[in-house]
Amino acid sequence: MGRKLKLVIGIAAAVGLLVLAALMLLIRFGIIDEEFLSSPSPNATPAPSDAVQTEPEHERFTISLVGDCTLEGNRFQSLCGDDMGYPFENVRKYFENDDATIANLECNFSDALLSSGSLFHFKAPTENADMLVSGGIDFVTTANNHIMDYGQRGLDDTLSALDERGIAYGIDGQSVVFTTESGLKLGIYCGYGSFMISETQIKEAIDKLKADGAEYIICALHWGVEGAYRPNAYQKNLAHAAIDAGADLVYGSHPHVLQPAEEYGGGLILYSLGNFSFGGNSFPRDYDSVIVQLTLCRNADGGVSLEACDYIPCSISGSDENNDFRPTPYKKGSKEFERTMSKLDGSFTGADLVVDYSFLDPDPSPEPSKRPELPGSEELPIPSPDPEPSPIPVPEPVDPPVEE
């Protein structure tokens, strides 16, 4: 048996060598390649993998919104000087790393000698547009009652200044799809219409934004009554109609004070974000403002929705003595912080500010003004021009101290 076993092993070894030699010749002459030798059998069972199968990650975006920015005025210019970073230096950190920061621009940018027939008119040197760039502002709505303070020339110069600096914008009645650097398509409708925005206009604008591929739709509306801490019926009806038509967010301006935020129909309504860097009033009666930061999530199916909303209560000034035009966050838990939050959650009980411009009229009419006839606006008070001067400080504990 021993000899036979050795013989079998010898023959097997010889056959193996012959097969190996044959394979080497086949490879050498290109009849087969080395991958053929290493390829698994079609019926082979794959080895188990340690890799964990995960669902695609959701993309998240941060959108910041602030109130009225009027980057001009004699005192404003004297404080800013040549420092284009001055107005937003205390809040820039909130805007530097977000995906978009949106503001309401309430002034013209022009170096031309222009005249205005408006009671209050705001025109800044063109270079002041650099303040928006330095502050991290990416988009401004110009749909308000000051963009035409200096007529068509003032508007044209303003838009040119924004274009030259790469700042996106929307004008009154315009629907804009603004794509962030991170790839989020924001659809923004800017509406003012001399305080005569209609539900039909909003619905048509939203339909257009949807057709243009907007992923998240914002209605930036200039409306309401100066000094009023609560929205009127016209604002509520219009805001609800916007959400019902498909808007995700309503972003309001004009009252110069904060008004409550409201969740409605799966959307968010910010009735008024008040002032922010507001050069139109050095001694305002209300210093409270806010930065609203939205966290949006793009889901695996491509839909974008609101995941979180954060409020950062601010003063419009870095000074306790007067308005230095540098918005500054309040200390969390302070009475100013809590007061600001009460205006946003609707629990604020202070009286509305009384805004009366009759002392500026040399020949006031004895007849009261009439309200504009708008559907559902029976409770709409008369819109008034802005800003709101404060010759006499209001002696209420809710207001920061001011100087005459």
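Which residues of helix H9 (residues 335-345) are buried? In this predicted model, the buried residues of H9 are Phe337, Arg339, Thr340, Ser342, Lys343 and Leu344. The legends below begin with the whole chain and then turn to close-up views, with H9 among them.

**Figure 1. Overview of the predicted protein chain.** The secondary structure of the chain comprises nine helices and 16 strands. Of its 404 residues, 47% are buried. Among contacts between residues at least 6 apart in sequence, 72% join residues at least 24 apart.

**Figure 2. Helix H9 and the strands that cover its buried residues.** Helix H9 spans residues 335-345, and its buried residues include Phe337 and Leu344 as well as Arg339 and Lys343. Thr340 and Ser342 complete the buried set. The cover over these residues includes strand S11 (258-264), strand S14 (288-298) and strand S15 (304-315). Glycine 346 follows H9 and has a positive phi, near 90°.

**Figure 3. The crossing of helices H7 and H8.** Helix H7 is formed by residues 199-211 and helix H8 by residues 233-244; their axes come within 9 Å and cross at roughly 25°. With an angle under 35 degrees counting as roughly parallel, H7 is therefore roughly parallel to H8. The crossing of these two helices is right-handed. On the H7 side, the contact involves Glu199, Ile202 and Ile206, which meet Asn237, Leu238, Ala241 and Ala242 of H8. Classified by type, the residues of this contact are five nonpolar, one polar and one charged.

**Figure 4. Isoleucine 217 in strand S9.** Strand S9 covers residues 216-222 and contains isoleucine 217. Isoleucine 217 counts as buried because its relative accessibility is 3%, and buried means under 20%. Apart from residues up to four places away in sequence, isoleucine 217 touches Gly187, Ile206, Leu209, Lys210, Gly246, Ala247, Asp248 and Leu249. Ile206, one of these, is also among the H7 residues that meet H8. Between isoleucine 217 and lysine 185 the C-alpha to C-alpha distance is 8.8 Å, although the two are 32 residues apart in sequence.

**Figure 5. Isoleucine 63 in strand S1.** Isoleucine 63 belongs to strand S1, which runs over residues 59-70. With a relative accessibility of 1%, isoleucine 63 counts as buried. Its contacts, leaving out residues up to four places away in sequence, are Asp99, Ala100, Ile102, Leu184, Leu186, Val292, Gln293, Leu294 and Leu296. For alanine 100, the C-alpha to C-alpha distance from isoleucine 63 is 5.0 Å, and the separation in sequence is 37 residues.

**Figure 6. An aromatic cluster of Phe88, Phe95 and Phe276.** Eight aromatic pairs are found in a search of the whole structure. In one of them, the ring centres of phenylalanine 95 and phenylalanine 276 are 6.4 Å apart and the ring planes meet at 55°, so this pair is tilted. Phenylalanine 95 is located in helix H4 (residues 92-95) and phenylalanine 276 in strand S13 (residues 275-278); the pair therefore ties together parts that are 181 residues apart in sequence. Phenylalanine 95 and phenylalanine 276 are both buried. Together with Phe88, these residues form one aromatic cluster.

**Figure 7. Two loop residues with positive phi, phenylalanine 195 and histidine 256.** Most residues other than glycine have a negative phi. Phenylalanine 195, by contrast, has a positive phi of about 65°. Phenylalanine 195 sits in the loop between strand S8 (185-191) and H7, and is buried with a relative accessible area of 12%. For histidine 256, phi is likewise positive, near 65°. Histidine 256 is placed in the loop between strand S10 (249-253) and S11, and is buried with a relative accessible area of 2%.

**Figure 8. Threonine 142 in a loop between strand S5 and helix H6.** The loop that holds threonine 142 links strand S5 (139-141) and helix H6 (151-164). Threonine 142 counts as buried, at 1% relative accessibility. Beyond its neighbours within four places in sequence, threonine 142 is in contact with Leu105, Ile147, Leu162, Gly170 and Ile171.

Technical notes
Residues are numbered from 1 along each chain as its sequence is written. This is a predicted model: local features need pLDDT of at least 70, side-chain atom pairs count only at pLDDT 80 or more; totals for chains, interfaces and linings use all residues. Side-chain values use heavy atoms; hydrogens and water are left out. Axes are lines fitted to C-alpha atoms, for helices over the stretch in contact, and angles run from 0 to 180 degrees between N-to-C directions. Helices (H or I, at least four residues) and strands (E, at least two) are DSSP runs, numbered from the N terminus. Angles under 35 degrees count as roughly parallel, over 145 as roughly antiparallel, 65 to 115 as roughly perpendicular and the rest as oblique. A crossing is left-handed if the near helix is turned anticlockwise from the far one by less than a right angle, and right-handed if clockwise. Contact means heavy atoms within 4.5 Å. Ala, Val, Leu, Ile, Met, Phe, Trp, Tyr, Cys and Pro count as nonpolar, Asp, Glu, Lys and Arg as charged, and the others, Gly among them, as polar. Buried means under 20% relative accessible area, exposed over 50%, partly exposed in between (1.4 Å probe, protein chains only). Rings of Phe, Tyr and Trp (its six-membered ring) pair if their centres lie within 6.5 Å; planes under 30 degrees apart count as stacked, over 60 as edge-to-face and the rest as tilted.
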